Amino acid sequence: MKASVYHDVNDFRLKDMETPNIGYGEVLLKLKACGVCGTDIHKAIHRSVPPETVLGHEFAGEIVMIGEGVTKFNVGDRVVGAIHVPCFTCHYCQRQQYTLCPEFKQTNIVPGGFSEYIHLSERHVRHLLFKIPDSMSYLHASLAEPVACCIHGQKAADIRPGDNVLIMGAGPIGLIHGQLLKHKDVSKVIISDISSYKLKKAKKFGIDYPVNIKNENLKAVVNQVTNNEGVDIVIIAAGISSLLPEAIQLLRRGGRVICFSPFEQNSEVQIDASRFFKDEISIVGTYSVSPFEFEEAIIHISNGTIDAKSMITHEMSLDQVGEAINFAANPAEKVIKVVITD
Ligand SMILES: [Zn+2]
Ligand SMILES: [Zn+2]
């Protein structure tokens, strides 16, 4: 089988690999679609994964082989899943902090989503594989993982009816958050970015106030929308740590900042610490997804809460993964989501 193997920045090679064998309880999946995620871009550009890694984790595919003991699935089933599975028994898992489970990041799909086939372990098959409706294309289904991640993040945000929410960053994650929020009974959603193309998409998705920070004052918009109170929630959906102090300034008393993006390693920022006590603000981190957000994500894609057709702007092939990553990373390009398809 073929896989796109990462070697270095701008160096992805299409390689012939042994098709994985499957054992008891395991599944072999033929990849049909795999989205290019912001974290794939981050890993490739910041060299945070070793050479010979196969990236890609937002996959949708067809089961082509099942191991002995697999009862939930059959050959021919159309499914989505994710990359890491928790153990469900450790200290973290007992407290529902599944993404912090020490085994979480040690479980992987083999070799990775940018390949023709992947091997899914017994634990993946048991807990982290979900059938999609016949009416849903593999292309659209590849959004299930990022949508599930956003649902996971919004659980941490404890968003309430009538809240005003600011999303910093109108990339795929910011736009998914925006669409999920518009589905909830929040009041106003503001989204900020420097790309007029992305902000135009935000408007199309019904997000109330797209703000281009190149020529608009975000604080002035927040003040106008919230009657100078500040927003209830800020979701940071761009990997820029200097957004954190700014987010804190834009919060109302008792508000929450949700950090949804990987910030640079060891990045330090200065914040107004006095606000924690006198204003009871909080900052919450959120990472990845647990097995408990997928079914909801699939429903949101199939009922149109998430406009998958407008989100996926480009399809590319397995031999174009390097180009796809550079393209998706370039803020000047008119791109939201790139998906690698077979
Ligand atoms: Zn992702
Ligand atoms: Zn665990």
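The second largest pocket of this model is lined by 15 residues, and those nearest its centre are Gln96, Gln97, Tyr98, Thr99 and His152. Keep in mind as you look around that this is a predicted model. Beyond that pocket there's a zinc ion held by Cys37, His57 and Glu58, an open sheet of six strands and one cavity of 30 Å³ or more. Here's the tour, topic by topic.

**The second largest pocket**

- This pocket has a volume of about 290 Å³.
- Helix α5 gives the most to its lining, with three residues.

**The zinc site**

- Three protein atoms act as donors to the zinc ion (ligand 1): SG of Cys37, NE2 of His57 and OE of Glu58, all lying 2.2 to 2.4 Å from it.
- Read along the chain, the donors follow the spacing C-x19-H-E.
- Cys37 sits in the loop between β3 (27–35) and α1 (38–45), while Glu58 belongs to strand β4 (residues 58–66), so the pair ties together parts that are 21 residues apart in sequence.
- Are Cys37 and Glu58 buried or exposed? Both are buried.

**The open six-strand sheet**

- To trace the sheet from one side to the other, follow the order β10-β9-β8-β11-β12-β13, with parallel pairing.
- The edges are β10 (209–212) and β13 (282–285), each of which pairs on one side only.
- From one strand to the next, the twist averages 20°.
- Strand β8 (residues 165–168) and strand β9 (residues 189–193) are joined in the parallel sense by four bridges, and Val165 stands opposite Val189 in β9.
- Helix α5 (residues 144–157) packs on the sheet, where it touches β11 (231–236), β12 (251–259) and β13, and its direction makes about 150° with that of β12.
- Helix α8 (residues 218–225) packs on the sheet as well, touching β8, β9, β10 and β11, and its direction makes about 175° with that of β9.

**Strands β3, β4, β5 and β7**

- β3 and β4 run antiparallel and are joined by eight bridges; Leu28 has Met65 in β4 as its bridge partner.
- β4 also connects to strand β5 (residues 78–81), again antiparallel, through three bridges.
- Two pairs to look for here are Gly61 with its bridge partner Val79 in β5, and Glu62 opposite Arg78 in β5.
- On its way along, β5 is joined to strand β7 (residues 129–131) by three bridges in an antiparallel arrangement, with Val79 opposite Lys131 in β7.
- Which residues of β5 cover its two faces? Arg78 and Val80 lie on one side, Val79 and Gly81 on the other, and all of them are buried.

**The β1–β2 hairpin**

- Strand β1 (residues 2–8) is mostly covered, with five of its seven residues buried.
- β1 pairs with strand β2 (residues 11–16) in the antiparallel sense over six bridges, and Ser4 stands opposite Leu14 in β2.
- Two residues lie between the strands of this hairpin, and Asn10 takes a positive phi near 60°.

**The cavity**

- How many cavities of 30 Å³ or more does the structure hold? It holds one.
- The largest cavity contains about 40 Å³ of space.
- Its lining is made up of Asp8, Val9, Asn10, Phe12, Ala44, Ile45, Gly322, Ile325 and Asn326.
- α1 and α13 (321–329) each supply at least two residues of that lining, and the largest share, three residues, comes from α13.
- Asn10, the hairpin residue with the positive phi, is one of the residues lining this cavity.

**His46, out in a loop**

- His46 lies in the loop between α1 and β4.
- With a relative accessible area of 53%, His46 counts as exposed, because that label applies to values over 50%.
- His46 and Glu264 are 218 residues apart along the chain, and their C-alpha atoms are separated by 9.3 Å.

Notes
Residues numbered from 1 in each chain as written. Chains lettered and ligands numbered in written order. Predicted model: local features only at pLDDT ≥ 70, side-chain atom pairs only at ≥ 80, totals over all residues. Heavy atoms only, no water. Donors = N, O, S within 2.8 Å, 3.2 Å for Na, K, Ca; no water. Buried < 20%, exposed > 50% of the residue type's maximum accessible area, 1.4 Å probe, protein only. Pairing = 2+ DSSP bridges. Axes fitted to C-alpha atoms, helices over the stretch in contact; angles between N-to-C directions. Contact = heavy atoms within 4.5 Å. 1 Å grid on protein atoms, 1.4 Å probe; cavity = no way out; pocket = protein on both sides within 12 Å on 5 of 7 lines; lining within 4 Å. Points joined across faces, edges and corners; volume = space filled by probe spheres on them.
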